[in-house]
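Dear colleague,

I am passing on the structure we talked about, and below it you will find my notes on what came out of the analysis. Please read them with the model open beside you.

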Amino acid sequence: MTTPKLWLVIPAAGSGQRMGSDRPKQYLLLRGRLILDRAIASVLDNADLAGCVVAISADDPHWQETEASRDPRVHHCIGGQLRADSVIAGLQWLEGQAGPDDWVLVHDAARPCLHPGDLARLIRELTDHKVGGLLAAPVTDTLKKSVTGSDEVLETVDRRELWRALTPQMFRYGILKSALQDAAAENRSVTDESSAVEQAGFFPCIVEGRPDNIKVTVPADLALADFVLSRF
Ligand code: C5P
């Protein structure tokens with residue numbers, strides 16, 4: 001039996017409207033380097049990868065500004081309307097290279113603060129897993145539930161069983177591809193890889209990760225990410 005290879009897919013085709021900037025958030029500078037370059041390097045420089053593909057939008061004018069676009073180890077493909085479509089595009093790009101039992105790491109383009117220790121633990125803890133799993137952080141705030149559109153609290157949710165899903169998420173290529181394709185064919189909403197794999201009847205493994213592996217979403221996250229990186 002051959003040792004499974006490890007591939008990296010970066011969905012980077014989002015427009016990041018909540019940031020309110022003149023360009024998608026993954027193309028903003030953070031401590032002198034583009035967020036997308038930081039996110040790619042956080043995995044590429046710290047794992048033994050067989051290949052890497054970044055899914056960008058069809059009309060992306062910024063890709064050529066990245067360091068990654070000049071790195072021969074990094075390829076790009078055209079993403080889709082939804083995050084899941086972009087990941088599927090990346091997985092399709094790997095078709096013919098990746099085997100069904102190979103591993104795929106999927107890491108958000110807007111998550112520049114992945115600590116090398118978390119990546120190493122994710123890979124180590126999942127090595128013999130049949131399906132895969134994800135980095136996640138325990139929820140620390142008290143959680144309230146309301147009806148969509150209402151400002152009234154309906155109930156307080158027990159947080160002891162809840163986790164915040166982070167990336168990278170790491171799954172077997174064959175399982176992940178069919179789970180995402182089935183979800184797309186049946187119009188089921190999936191906001192991360194794990195939810196597609198869960199819907200396919202599997203039980204992904206949770207690997208506890210650092211809570212400061214934040215996804216840059218709103219302007220205040222830039223200052224936070226800057227601070228996190230200053231402490232690495
Ligand atoms: O918008 P959000 O922050 O949830 O996006 C998470 C990741 O998915 C980002 O890296 C974004 O670029 C990517 N994405 C994508 N294709 C889309 C939408 C989002 O690759 N159509």
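The side chains of Ser195 and Asp192 are joined by a polar contact of 2.6 Å; please bear in mind, here and throughout, that this is a predicted model. Ser195 itself sits in helix H5, which covers residues 193–199, and with a relative accessibility of 15% it counts as buried, because the cut-off for that term is under 20%.

The main sheet comes next. It is an open sheet built from 7 strands in the order E5-E4-E1-E6-E10-E7-E11, and its pairing is mixed. Strand E5 (74–78) and strand E11 (205–208) stand at the edges, and since each has a single partner strand, one side of each is left without a neighbour in the sheet. On average, neighbouring strands of this sheet are turned by 30° against each other, direction ignored. Within the sheet, strand E1 (residues 6–12) pairs with strand E4 (residues 51–56) in the parallel sense, over 6 bridges, and there Leu8 has Cys52 in E4 as its bridge partner. Helix H2 (residues 83–94) packs on the sheet, where it touches E1, E4, E5, strand E6 (103–106) and strand E10 (163–172), and its direction makes about 145° with that of E1. Helix H4 (residues 173–185), for its part, lies across E6 and E10 and runs at about 115° to E10.

Val106 is a useful residue to select if you want to see how these elements meet. It is found in strand E6 and counts as buried, at 1% relative accessibility. Leaving aside its neighbours within four places in sequence, Val106 is in contact with Val9, Pro11, Arg83, Val87, Thr167, Pro168, Gln169, Leu176 and Glu193. Leu143, by contrast, is 37 residues apart from Val106 in sequence and 28 Å apart from it in space, C-alpha to C-alpha.

Helix H1 (residues 35–44) is mostly covered, with 10 of its 10 residues buried; among them are the charged-looking entries on the list, Asp37 and Arg38, together with Ile35, Leu36 and Leu44.

As you may be planning work with the cysteines, which sulfur lies closest to that of Cys52, and how far away is it? The closest cysteine sulfur is the one in Cys77, at 10 Å, which is too far for a bond. The sulfur of Cys113 has its closest cysteine sulfur in Cys52, at 18 Å, and this too is too far for a bond. With a disulfide requiring two cysteine sulfur atoms within 2.5 Å, the count comes to 0 disulfides. Cys52 is buried, with a relative accessible area of 0%, and Cys113 also counts as buried, at 0% relative accessibility.

Finally, there is the ligand. It is surrounded by 15 residues, of which the closest are Pro11, Ala13, Lys25, Gly80 and Ser86. Several backbone atoms also lie at polar-contact distance from the ligand: a polar backbone atom of Gly14 is 3.0 Å from one of its oxygen atoms, a backbone N or O atom of Gln81 lies 2.8 Å from a nitrogen atom of the ligand, and a backbone N or O atom of Ala109 lies 2.9 Å from an oxygen atom of the ligand.

With best wishes

Methods. Residues are numbered from 1 along each chain as its sequence is written. This is a predicted model: local features need pLDDT of at least 70, side-chain atom pairs count only at pLDDT 80 or more; totals for chains, interfaces and linings use all residues. Side-chain values use heavy atoms; hydrogens and water are left out. Helices (H or I, at least four residues) and strands (E, at least two) are DSSP runs, numbered from the N terminus. Buried means under 20% relative accessible area, exposed over 50%, partly exposed in between (1.4 Å probe, protein chains only). A polar contact is a pair of N or O atoms within 3.5 Å; within protein, one must be able to donate a hydrogen and the other to accept it, and residues adjacent in sequence count only if both atoms are side-chain atoms. Two strands pair if DSSP finds at least two bridges between them. Axes are lines fitted to C-alpha atoms, for helices over the stretch in contact, and angles run from 0 to 180 degrees between N-to-C directions. Contact means heavy atoms within 4.5 Å. A residue is near a molecule or strand if one of its heavy atoms lies within 4 Å of it.
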